[in-house]
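I opened this notebook page to follow how the strands are connected, and then to look up one residue more closely.

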Amino acid sequence: MWQEKDNKLEQTFTFKNFSEAFAFMARVALVAEKMDHHPDWSNSWNKVHIQLTTHSAGNKITEKDRKLAEAIDRLNN
């Protein structure tokens with residue numbers, strides 16, 4: 001579930017292991033590159049923490065962030 005916090009949409013995804021987490025990150029990277037909108041994220045073993053904000057709009061949540069969040073959710077289902 002995406003949460004709005006400090007002008008960012010954020011969520012932590014948990015997987016069975018590092019390989020699944022890394023594969024998810026690779027899929028997200030391809031979608032983000034096509035959308036020309038890139039997440040701030042981190043990975044620790046089986047967890048991927050993603051933050052979305054539009055830097056060019058003054059670090060605010062915009063429609064670009066919401067669309068990328070929806071795309072990420074589709075990848076995780």
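I began with the pairing of β1 and strand β2 (residues 8–14), which in this predicted model is antiparallel and runs over 3 bridges. To fix the register I looked up Glu4, and I found that its bridge partner in β2 is Leu9. I then went to the hairpin of β1 and β2, where 2 residues lie between the strands, and I noted that Asp6 takes a positive phi near 55° there.

Next I followed β2 onward to β4, to which it is joined by 6 bridges in an antiparallel arrangement. As a reference pair I wrote down Gln11, whose bridge partner in β4 is Ile50.

From there I turned to the other neighbour of interest, and I found strand β3 (residues 40–44) running antiparallel to strand β4 (residues 47–52), with 5 bridges between them. For this pairing I recorded Ser42, which has His49 as its bridge partner in β4. The hairpin of β3 and β4 has 2 residues between the strands, and in it Trp45 takes a positive phi near 50°.

Last, I looked up Gln3, which belongs to strand β1 (residues 3–5). Is Gln3 buried or exposed? I entered it as partly exposed, because its relative accessible area is 49% and the exposed class begins over 50%. Leaving out residues up to four places away in sequence, I listed Lys8, Leu9 and Glu10 as the residues that Gln3 touches. I also checked Gln3 against Leu30, and the two lie 27 residues apart in sequence and 23 Å apart in space, taken from C-alpha to C-alpha.

Methods
Residues are numbered from 1 along each chain as its sequence is written. This is a predicted model: local features need pLDDT of at least 70, side-chain atom pairs count only at pLDDT 80 or more; totals for chains, interfaces and linings use all residues. Side-chain values use heavy atoms; hydrogens and water are left out. Helices (H or I, at least four residues) and strands (E, at least two) are DSSP runs, numbered from the N terminus. Buried means under 20% relative accessible area, exposed over 50%, partly exposed in between (1.4 Å probe, protein chains only). Contact means heavy atoms within 4.5 Å. Two strands pair if DSSP finds at least two bridges between them.
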